[in-house]
Amino acid sequence: MIVVVVGVQLAISLGFFAVMAHLVSHLRHDLGMLAGTITLVLGARIAVQYALFLPVGAVTDLIGATRAGVLACSLRAAGFVLLGTADELAGLLGAAVLLGAGGALFHPTAQSLLAGLAPARRSRGFAAYVIAGQVAAVAGPPAGLVLLTAGFWVLAAAAAAAWAIAAVLFTLLGEERRAVPHPDPRPPAVRWAGVRLGTRMVAGGVAEALRDRRFVRFAVVAAPSTLLADQIVTVVPLKDVGAGAATLFFS
């Protein structure tokens, strides 16, 4: 399980960061788009991905992690194909939506698989998963720079192939056995009381997390890292510093 999930993380992260490090330059110089339009395309992906994180968790529970992983990787593979071939705003926004939806599905899927491991293996699994993503984040942009010499569409096709390989790797996990749900025999009033109790438990868990000052401080400090990564991807290439310098800075 750990080997498959970490292999998937390495493959897809290499493809993702190889493209994202050079996407703004492609939109700016190859397609001649203005900074505002570029921001719209990048922002659409981020908005879709983060808006869908909560609902796709329920989808993953419904269809199973294996199927959700294959679907996530397929969506992102299609998104990169469209990203490499589109030259109009509508096509690029469609690619952004596919990439965002695929990303929203992938992360809860992979992490739920790791969370299901035995406690003795869980921390090592998460550590390997995180390290693989960070290694790929550093190695991806230089790999993308090499592929970029053949054209952006080649780079996007390579990323799509990486996500397609990841979809195949997910199939190695096999089908999950899920219990067939049976009708709840309890009276409606009792079921409703259970729903209210569950709601109070969730609210209590959120309140407990907010009372944990160390956790809150950590969240406040860590949250801007996403914005930092997006600024690196967007602002530096807009400065016309060249693909090589942008790659070095991103890595």
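**View 1. Residues 31-52 are mostly helical, at 82% helix.** No strand appears here: the share is 0%. The C-alpha atoms at the two ends of residues 31-52 lie 29 Å apart. The model shown in these views is predicted. The unreviewed UniProt entry annotates residues 31-52 as "transmembrane region". That annotation also covers residues 6-24, 89-106, 126-146 and 152-173.

**View 2. Residues 6-24 are 100% helix.** Strand content over this stretch is 0%. From end to end, the C-alpha atoms of residues 6-24 are 28 Å apart. Residues 6-24 also carry the "transmembrane region" annotation in the unreviewed UniProt entry.

**View 3. His26 sits in helix α1, which spans residues 2-30.** The relative accessible area of His26 is 9%. His26 counts as buried because this value is under 20%. Its side chain makes a polar contact of 2.9 Å with the side chain of Asp30. Leaving aside residues up to four places away in sequence, His26 touches Leu31, Leu83 and Phe152.

**View 4. Thr247 belongs to helix α10, residues 243-250.** Thr247 has a relative accessible area of 4%, so this residue is buried. A polar atom of the Thr247 side chain lies 2.8 Å from the backbone oxygen of Ala243. Beyond residues up to four places away in sequence, Thr247 touches His22, Pro141, Pro142 and Leu145.

Key:
Residues are numbered from 1 along each chain as its sequence is written. This is a predicted model: local features need pLDDT of at least 70, side-chain atom pairs count only at pLDDT 80 or more; totals for chains, interfaces and linings use all residues. Side-chain values use heavy atoms; hydrogens and water are left out. UniProt positions are given in the numbering used here, feature names are shortened, and annotations may be inferred rather than shown by experiment. Helices (H or I, at least four residues) and strands (E, at least two) are DSSP runs, numbered from the N terminus. Buried means under 20% relative accessible area, exposed over 50%, partly exposed in between (1.4 Å probe, protein chains only). A polar contact is a pair of N or O atoms within 3.5 Å; within protein, one must be able to donate a hydrogen and the other to accept it, and residues adjacent in sequence count only if both atoms are side-chain atoms. Contact means heavy atoms within 4.5 Å.
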